[in-house]
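Let's take a walk through this one together, starting with a bit of vocabulary and then moving from the whole chain down to single side chains.

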Amino acid sequence: MATLSVGEPQEMEVDRRGESEESGDDETKRKSINGEVCPPQPSTEESPVDMDTITLDPEEEDVDLVHCRIGKIEGLEVLQKAKTLSLRQNLIKCIENLDSLVSLRELDLYDNQVRKLENLDALTELEQLDVSFNTLRKIEGLERLSKITKLFLLHNKINSIANLDNLTNLEMLELGSNRIRVIENLDSLSSLQSLFLGTNKITQLQNLDGLHNLTVLSIQSNRITKMEGLQCLENLKELYLSHNGIEVIEGLENNKKLTTLDIAANRIKKIENISHLTELQEFWMNDNQIDNWSDLDELKNAKGLETVYLERNPLQKDPQYRRKIMLALPSVRQIDATFIRF
């Protein structure tokens, strides 16, 4: 059965949400540190196989052709009943010859050599498309795919967000590990719930006002220096901004539903402006410049707070580091990578 792999439990010491968990295999995820994703390495000895050597079942609805050394998409016309087609980890350079697969709901081309999004117009029933780990330079050719709810374009060479206007049913958009500099052209994506833009070259949080249903926003490992542009995201529950250049916690006045706030590995000297985040459960603040224990008072209104990361701040030099956190925040069950033993 062709399905997208779901990641294994995340390691505590690494960037927790560098990219979405639904695209990619477990081995790739284990290599994802601080939002940096190491691409799968194709074997230089592999050569494409002839599709005639692959047996296809016309009755199969879930077709799995993973790592078959397929170099060209052809001969799939018999798969009239196919609803999911996985062609991940092959040697495919061009998307072609799929016009007859009109019943297809999911298409997976993860880890190939695809250079262009094209020849997809006939797949009007498609709900999920994964073309991660390829060599795409543009978002294009998706205008007819109005039923898509999940789009994964992780780790390509895309330099701008464009041509998504017709994808009004899109709920998840993964554009991590590309070359994007500006958040733009998202206004029509009113159904979007999760947006992943980690490991790009983004300098400013902007143009997010139309994403009223967004619950997850990940922009780790970029070049952001100011927390702003989040005022319209009132349904936001998870915000990931680690590994940027942020100096002040601010701009979260309207984000009262936040349960996870990740601002690790920035340049922050004070925990402030979050006392109103009463729903907070996870607070990741490691690798900053926090040196005042009284800052923890900002978290006392979050009665359900369970996890706090403060390691590699000046506070950690205190011999009573863990004890003081436990006393200040009695609801916490995990400090850094270690669970509290009672």
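A residue is called buried here when its relative accessible area is under 20%, exposed when that value is over 50%, and partly exposed in between. Asp295 makes a handy test case: its relative accessible area is 3%, so Asp295 is buried. Keep in mind as you look around that this is a predicted model.

Let's zoom out to the whole chain. It has 342 residues, and 49% of them are buried. The secondary structure comes to 2 helices and 14 strands. The accessible surface is about 15400 Å², with carbon and sulfur atoms providing 44% of that. As for how the chain folds back on itself, take the contacts with a separation of 6 or more: 28% of them are between residues 24 or more positions apart.

How far can you trust what you see? The average pLDDT is 90, and 87% of the residues score at least 70. Residues 1-15 are another story, with pLDDT below 50, although the model gives this stretch 47 contacts beyond near neighbours in sequence. Residues 26-35 also stay under 50, and there the model has 30 contacts beyond four places in sequence. Where pLDDT is low, the predicted coordinates should not be read in detail.

Now back to Asp295 and its partner. Asp295 forms a salt bridge with Lys270, and the closest N and O atoms are 3.5 Å apart. Lys270 sits in the loop between strand S10 (260-262) and strand S11 (282-284), while Asp295 is in the loop between S11 and strand S12 (307-309), so the pair ties together parts that are 25 residues apart in sequence. The two ends are set differently: Lys270, at 41% relative accessibility, counts as partly exposed, whereas Asp295 is buried.

Next, have a look at Asp287 and Arg312, whose side chains meet in a salt bridge at 2.6 Å, N to O. Asp287 belongs to the loop between S11 and S12, and Arg312 to the loop between S12 and helix H2 (321-328), so this pair also links parts that are 25 residues apart in sequence. Asp287 is partly exposed because its relative accessibility is 26%, and Arg312 is partly exposed too, at 41%. There's a third player as well: salt bridges with shared partners join Asp287, Glu311 and Arg312 into one network.

The chain's salt bridges number 12. Another of them pairs Lys138 with Glu140, with 3.9 Å between the closest N and O atoms. Lys138 is partly exposed, its relative accessible area being 48%, but Glu140 is buried, at 17%.

Two more stops are worth your time. Which strand holds Asp108? That would be S3, residues 106-108. With a relative accessibility of just 6%, Asp108 counts as buried, and its side chain makes a polar contact of 2.9 Å with the side chain of Arg88.

Finally, find Glu228 in the loop between strand S8 (216-218) and strand S9 (238-240). Its relative accessibility is 23%, so Glu228 counts as partly exposed. Setting aside neighbours within four places in sequence, Glu228 is in contact with Gln204 and Leu205. Looking the other way along the chain, Leu252 is 24 residues from Glu228, and their C-alpha atoms are separated by 8.0 Å.

Methods. Residues numbered from 1 in each chain as written. Predicted model: local features only at pLDDT ≥ 70, side-chain atom pairs only at ≥ 80, totals over all residues. Heavy atoms only, no water. Helix = DSSP H or I, 4+ residues; strand = E, 2+ residues; numbered from the N terminus. Buried < 20%, exposed > 50% of the residue type's maximum accessible area, 1.4 Å probe, protein only. Polar contact = N/O pair within 3.5 Å; in protein donor to acceptor, adjacent residues only side chain to side chain. Contact = heavy atoms within 4.5 Å. Areas by Shrake-Rupley, 256 points an atom, 1.4 Å probe, with all protein chains shown as cover. pLDDT = per-residue confidence, 0-100. Salt bridge = Lys/Arg side-chain N within 4 Å of Asp/Glu carboxyl O.
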